[in-house]
Amino acid sequence: MDLKGKNVKLHDMSLRDGMHAKRHQLSLEQMVAVSTGLDDAGIPLIEVTHGDGLGGSSLNYGFPAHTDEEYLNAVVPKMKNAKISALLLPGIGTVDHLKMANDCGVSTIRVATHCTEADVSEQHIGMAAKMEMDTVGFLMMAHMVSAEKILEQAKLMESYGANCIYCTDSAGYMLPDEVTEKIGLLRAELNPNTEIGFHGHHNMGMAIANSLAAVEAGAVRIDGSVAGLGAGAGNTPLEVFVAVLERMQANHGIDLYKIMDVAEDVVVPLMDQPIRVDRDALTLGYAGVYSSFLLFAQRAEAKYGIQARDILVELGRRGTVGGQEDMIEDLALTMAKDRGLI
Amino acid sequence: MSKKLKAVIIGPGNIGTDLLMKMMRSDWVEPVWMVGIDPESEGLKRAQEFGLKTSSTGVDGILDHIIEDDIRVAFDATSAYVHAENSRKLNELGVIMVDLTPAAIGPFCVPPVNLKQHASQLEMNVNMVTCGGQATIPMVAAVSQVQDVEYGEIVATVSSRSVGPGTRQNIDEFTRTTSGAVEAVGGADKGKAIIIINPAEPPLMMRDTIHCLTKTTPDQAAITESVHNMVKEVQKYVPGYKLVNGPIFDGNKVSVFMEVEGLGDFLPKYAGNLDIMTAAGLRTAEMFAEEAYKGEITLPERG
């Protein structure tokens with residue numbers, strides 16, 4: 001694979017996807033420590049939001065330690081070069097949240113829908129584009145449909161005003177060939193000015209390989225998180241990816257030693273549990289299940305005595321999509337009843 | 001005089017047609033007119049086959065017939081944009097308006113919670129909230145009728161096939177309207193609503209999760225009884241309204257997990273979200289009819 005001279009823009013997820021792994025309990029001080037470290041290391045774009053996006057604060061997904069507004073107001077003024085992005089899932093957050101984020105100085109809005117439901121994003125993408133924000137359409141669980149379907153949905157988002165489209169492997173299910181096919185088709189068929197991005201999870205141990213395949217196929221934005229702090233087995237570990245890009249002589253703009261130090265000195269100490277491919281995270285990838293279900297399934301296991309792995313496999317079989325966290329306890333209760341445990 | 005209220009349905013789409021099929025079985029409401037804007041529409045043709053009079057020139061096309069046909073109730077299944085005008089024109093002629101659009105210019109109506117109150121006051125325009133609201137607000141109310149709820153949150157998961165273009169273009173309206181009604185009708189101090197659209201095939205049944213935070217330690221026995229009673233009330237007009245799990249208690253959190261199967265009249269059974277809207281709309285008009293028949297309310301005078 002030859003990536004020599006290719007430009008890659010890295011987008012950090014530690015303070016958004018990482019919120020899942022932290023049960024949305026990062027402190028303002030931790031947010032500032034991580035983001036200023038990343039800014040200093042040269043990361044150009046950092047996402048700061050509740051794990052489930054703006055307005056995600058809920059019993060269903062977890063109440064965060066602070067509001068999105070408090071986090072954004074703590075982080076944005078501290079940035080020297082990095083820009084801040086925010087995630088929004090229509091159905092959870094609204095354009096009111098989007099305007100709030102814009103007022104806080106957020107430069108990039110990423111509007112996320114399930115990979116077949118792009119048409120719920122029209123009002124949010126339209127509003128962000130109208131406010132002249134960097135506007136991203138984020139197609140989640142992209143492993144569930146064909147490359148042609150992803151393209152069809154991407155074109156909708158593009159028509160609403162998105163200047164960048166992501167193919168998102170929310171379940172960490174994809175293997176590199178699938179990434180190549182999907183990113184390649186998007187690159188070939190979308191407007192040449194529309195950027196392509198890839199968001200991976202490490203549940204099958206493929207996050208680095210998949211991200212490289214994405215770059216080779218034409219993606220310029222790659223998501224990752226420092227020390228992999230993210231849902232499931234985490235996102236593409238940024239310090240590792242930077243080292244690989246360095247070896248391949250791609251242009252990434254990051255100070256490798258500095259980002260290694262953020263990973264080791266700042267992020268690893270704040271983890272509640274090791275972020276690794278344990279059997280439950282591996283099951284997410286293997287069964288194609290939304291990565292943030294991990295801790296919910298483990299809590300249901302502790303409460304109802306049903307193995308998290310069994311719950312996750314059944315959720316995969318039923319075709320659950322991102323945001324259906326409420327299904328986990330419901331299903332665990334039903335399984336426990338069926339097995340005579342309650 | 002017949003006890004049945006004569007009705008017009010505005011909007012011959014999926015909702016209007018399903019409503020028509022339910023109404024033809026009603027002891028209290030009789031469908032007379034179906035109103036559309038496209039003479040070629042399948043919905044108008046279907047209504048004609050069912051023996052209804054039809055108009056393809058919108059509400060204006062039936063205004064001259066309201067008095068002579070003794071039309072007393074209208075159901076608007078069009079869009080929020082045209083509802084206000086439809087309602088104004090028909091209210092002027094003394095027609096009660098049941099609003100199935102998100103316009104919500106009248107008070108929210110969730111039948112087992114506050115319909116009786118609206119009917120007894122002869123409210124001339126009532127709004128049926130949203131599908132998620134109809135499916136979940138009875139449960140929030142079941143808890144808040146026992147003790148104070150400081151926070152109520154609902155998660156509605158619906159099949160992709162059951163969500164039409166109008167809802168998709170303005171999904172924020174669902175979120176706002178439903179959370180507002182969780183407060184106004186459900187009785188929670190603060191409300192939140194989440195909607196998830198799932199494209200699985202075969203389509204999944206509508207499912208709903210309701211979480212409430214009570215101000216003080218929940219009275220488990222009383223809440224459980226209240227929830228079961230409320231399920232029975234909803235089942236009177238939506239037989240497929242089913243308590244799957246709960247109520248379960250975790251500190252001050254009360255959680256209820258529901259599934260809503262439709263009757264499968266015109267819309268498929270999985271579209272319980274649409275069925276519960278048409279069933280609630282019809283139930284609303286029936287209550288007005290019952291109250292008028294009993295003499296509890298007097299319908300607007302006609303010359």
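Which residue just after α9(B) takes a positive phi? In this predicted model, that residue is Gly295(B), with a phi of about 80 degrees. The helix before Gly295(B) is worth a look too. Helix α9 of chain B runs over residues 272-294, and at 1.5 Å for each residue its 23 residues ought to span 33 Å. The C-alpha atoms at its two ends turn out to be 32 Å apart, so the expected and modelled spans agree. As for its surroundings, α9(B) is mostly covered, with 17 of the 23 residues buried.

Next comes the place where the two chains meet. Chain A puts 24 residues into this contact, and chain B puts in 25. On the chain A side, α5 (122-130) and α14 (326-338) each supply at least two of the residues that touch chain B. Of the two, α14(A) stands out: with four residues, α14(A) gives the most to this side. By residue type, the side of chain A that touches chain B is made up of eleven polar, seven nonpolar and six charged residues.

Chain A also has a contact within itself. Its domain assignment gives domain 1, covering 9-270, and domain 2, covering 292-338. Taken over C-alpha atoms, the centres of these two domains of chain A are 26 Å from each other. Where they touch, domain 1 of chain A brings 14 residues and domain 2 of chain A brings eight. The domain 1 side of that contact in chain A splits into six nonpolar and six polar residues, plus two charged ones.

Terms used:
Residues numbered from 1 in each chain as written. Chains lettered and ligands numbered in written order. Predicted model: local features only at pLDDT ≥ 70, side-chain atom pairs only at ≥ 80, totals over all residues. Expected span 1.5 Å × (residues − 1). Buried ≥ 20, exposed ≤ 12 C-beta atoms within 10 Å, placed from the backbone. Contact = placed C-beta atoms within 7 Å. Nonpolar A, V, L, I, M, F, W, Y, C, P; charged D, E, K, R; others polar. Domains from an automatic or database assignment.
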